Amino acid sequence: MTGTPLSSGRDGFKRVLVLLVCALPLAGCAYIPHTSLVEGQTTANPAPAAPAAVNGSVFQSGQAMNYGYQPLFEDRRPRNIGDTLTILLQENVSASKSSSASASRDGSTGLAFDAMPKALSGLFGGDRANASINGNNDFTGKGGAAARNTFSGTITVTVKQVLENGNLSVVGEKQIAINQGTEFIRFSGIVNPRTISGSNTVISTQVSDARIEYVGNGYINEAQQMGWLQRLFLNLSPF
């Protein structure tokens, strides 16, 4: 007894629904999350200023530690947690490498009999026992690689920590929303206060332990990522 067309249609719909439910976990795991290069928070709040002890003089010894204090003959520069600093991104890195190798080897071997016993002359006479072997092996290989990265722009960062030697640990982030995607620019590093200009800027090439990250999200960025299943087949494939 065969089923009715209505029951067959319901069974087909159930199969499609089961396949969709099974494919949802795979679709959710297709996108591999990006590991951020700049870890932790990208901003810092200033610490509360400690009240200065009044000792009766015009200049208080604790004023130098209070926020808002500025020496008379010094430009306004970041010196405390929460102060801002502008980083001029001027990264231009290029590298090239080339190598070549060659090897060759020639060899020859010969065997000849000047005299042959009379009893064996019929079997090995007339150059029948003479032999000659020649061999040749050549190898030539060449390789080369070149890479160049250029990054320019500006980003304002915040002082996250003041180190014991006076250097500033800075971190910052800039977000730019374009259509249906968002671009993230993150920066972190250690700044020497002596390299800060009068306009409160410093070049990124003068920042130690600099980490610059430029990533984005959205469906355009996800389309450029390879899924985990494709990566699995790529690693297992012998070709």
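Tyrosine 214 has a relative accessibility of 48% and therefore counts as partly exposed. The model in which this residue appears is a predicted one.

**The aromatic pair**

The structure holds one aromatic pair. Its members are phenylalanine 151 and tyrosine 214, whose ring centres are 5.9 Å apart; because the ring planes stand at 70°, the pair is edge-to-face. Phenylalanine 151 belongs to strand S2 (residues 131–162) and tyrosine 214 to strand S6 (residues 208–217), so the contact ties together parts that are 63 residues apart in sequence. Phenylalanine 151, at 23% relative accessibility, is partly exposed.

**The salt bridges**

Two salt bridges are found in a search of the whole structure. Both partners of arginine 186 are listed below with the N to O distances.

| Salt bridge | Distance |
|---|---|
| Arginine 186 and glutamate 173 | 2.8 Å |
| Arginine 186 and glutamate 213 | 3.6 Å |

In the pair with glutamate 213, arginine 186 lies in strand S4 and glutamate 213 in strand S6, and the two are 27 residues apart. Salt bridges with shared partners join Glu173, Arg186 and Glu213 into one network.

The pair of arginine 186 and glutamate 173 links strand S4 (residues 181–191) with strand S3 (residues 168–178), so parts that are 13 residues apart in sequence are tied together.

How do these residues stand with respect to burial? Arginine 186 has a relative accessibility of 15% and so counts as buried. Glutamate 213 is buried as well, whereas glutamate 173, with a relative accessible area of 28%, is partly exposed.

Notes:
Residues are numbered from 1 along each chain as its sequence is written. This is a predicted model: local features need pLDDT of at least 70, side-chain atom pairs count only at pLDDT 80 or more; totals for chains, interfaces and linings use all residues. Side-chain values use heavy atoms; hydrogens and water are left out. Rings of Phe, Tyr and Trp (its six-membered ring) pair if their centres lie within 6.5 Å; planes under 30 degrees apart count as stacked, over 60 as edge-to-face and the rest as tilted. Helices (H or I, at least four residues) and strands (E, at least two) are DSSP runs, numbered from the N terminus. Buried means under 20% relative accessible area, exposed over 50%, partly exposed in between (1.4 Å probe, protein chains only). A salt bridge is a side-chain nitrogen of Lys or Arg within 4 Å of a carboxyl oxygen of Asp or Glu.
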